[in-house]
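Okay, everyone, thanks for coming. Let me put today's protein up on the screen, and then we'll walk through it together.

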Amino acid sequence: MTRKFTGTRLLVATHNQGKLEEIADLLTPFGVEVVGAKEMNLPEPVEDGSTFVENARIKAHAAAKATGLPAMSDDSGIEIDALDKAPGVYTADWAETGSGRDFVMAMTRSHDLLVERGAPAPWTARFCCTLVLAWPDGHDEVFPGVMEGQVVWPMRGDQGHGYDPIFQPDGYDITFGEMDRWEKNRISHRADAFRKFVAGCFDA
């Protein structure tokens with residue numbers, strides 16, 4: 001039985017303002033006040049897990065323990081089948097440079113590796129998102145979400161972020177980078193995980 005969320009304040013363990021606003025918006029109907037890790041002056045914990053769920057758990061439990069509030073975190077990334085599901089949990093790491101993240105470099109690296117391997121198209125891939133809601137007593141609930149699709153080249157579109165310009169979701173002929181952000185938020189891997197989270201932790 002999934003533990004219900006009964007509080008009025010939820011800490012979202014992210015320093016990303018865009019992600020915070022997206023989550024706050026989704027929780028508006030439930031009368032939940034959403035507070036971010038930055039407002040609470042929380043440091044970012046070291047994410048040394050080897051799976052999405054491990055990293056999401058690290059962030060959620062660290063935040064719940066530090067504040068005494070239920071805390072939600074997500075870890076997400078793209079898995080490309082022909083690259084043995086890389087970059088996966090290292091999606092953001094592939095974009096790291098000495099002076100911030102460069103996702104054009106990361107997308108180019110992904111494409112170059114596919115070409116080097118002689119991988120035949122379509123290059124099937126998926127975006128994954130794992131949400132973890134942790135309570136200060138150490139209990140947690142886990143909600144995985146996925147969006148299946150394929151990697152395309154060249155990059156298309158300037159909407160979204162990260163690897164969106166090379167990801168074309170199943171059933172569409174445009175990439176996440178070309179898609180209206182509200183449409184993307186409706187069908188994305190994060191939306192899939194959220195639906196499960198709301199169904200599990202809130203009474204309809």
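Before we start, one term: a polar contact is a pair of N or O atoms within 3.5 Å, and within protein one of them must be able to donate a hydrogen and the other to accept it. Also, keep in mind that this is a predicted model.

So, here's a residue to try that on: threonine 175, in the loop between β9 and α4. Its side chain reaches the backbone oxygen of arginine 156 at 2.7 Å, and the backbone nitrogen of glycine 177 at 3.1 Å. Is threonine 175 buried or exposed? Threonine 175 is buried, because its relative accessibility is 0%, and buried means under 20%. Leaving aside neighbours within four places in sequence, it's in contact with several residues, including Val152, Asp164 and Phe167.

Now the nonpolar side. In soluble globular proteins, nonpolar side chains tend to be buried together. Here, the largest nonpolar core has 20 residues, and Ile78, Val151 and Tyr163 have the most contacts inside it. Two or more residues of this core come from each of β3, α3, β7 and β8. Apart from it there's another core, with 19 residues, among them Ile23 and Phe197.

Last stop, the largest pocket. We get about 1,300 Å³ of space in there. Its lining has 50 residues, and Asn16, Lys19, Ser76, Arg101 and Arg190 lie nearest the centre. Which element gives the largest share of that lining? That's β3, with six residues. As for chemistry, the lining splits into 17 nonpolar, 18 polar and 15 charged residues.

Note on methods: Residues numbered from 1 in each chain as written. Predicted model: local features only at pLDDT ≥ 70, side-chain atom pairs only at ≥ 80, totals over all residues. Heavy atoms only, no water. 1 Å grid on protein atoms, 1.4 Å probe; cavity = no way out; pocket = protein on both sides within 12 Å on 5 of 7 lines; lining within 4 Å. Points joined across faces, edges and corners; volume = space filled by probe spheres on them. Helix = DSSP H or I, 4+ residues; strand = E, 2+ residues; numbered from the N terminus. Nonpolar A, V, L, I, M, F, W, Y, C, P; charged D, E, K, R; others polar. Core = buried A, V, L, I, M, F, W, Y, C linked by side-chain atoms within 4.5 Å. Buried < 20%, exposed > 50% of the residue type's maximum accessible area, 1.4 Å probe, protein only. Contact = heavy atoms within 4.5 Å.
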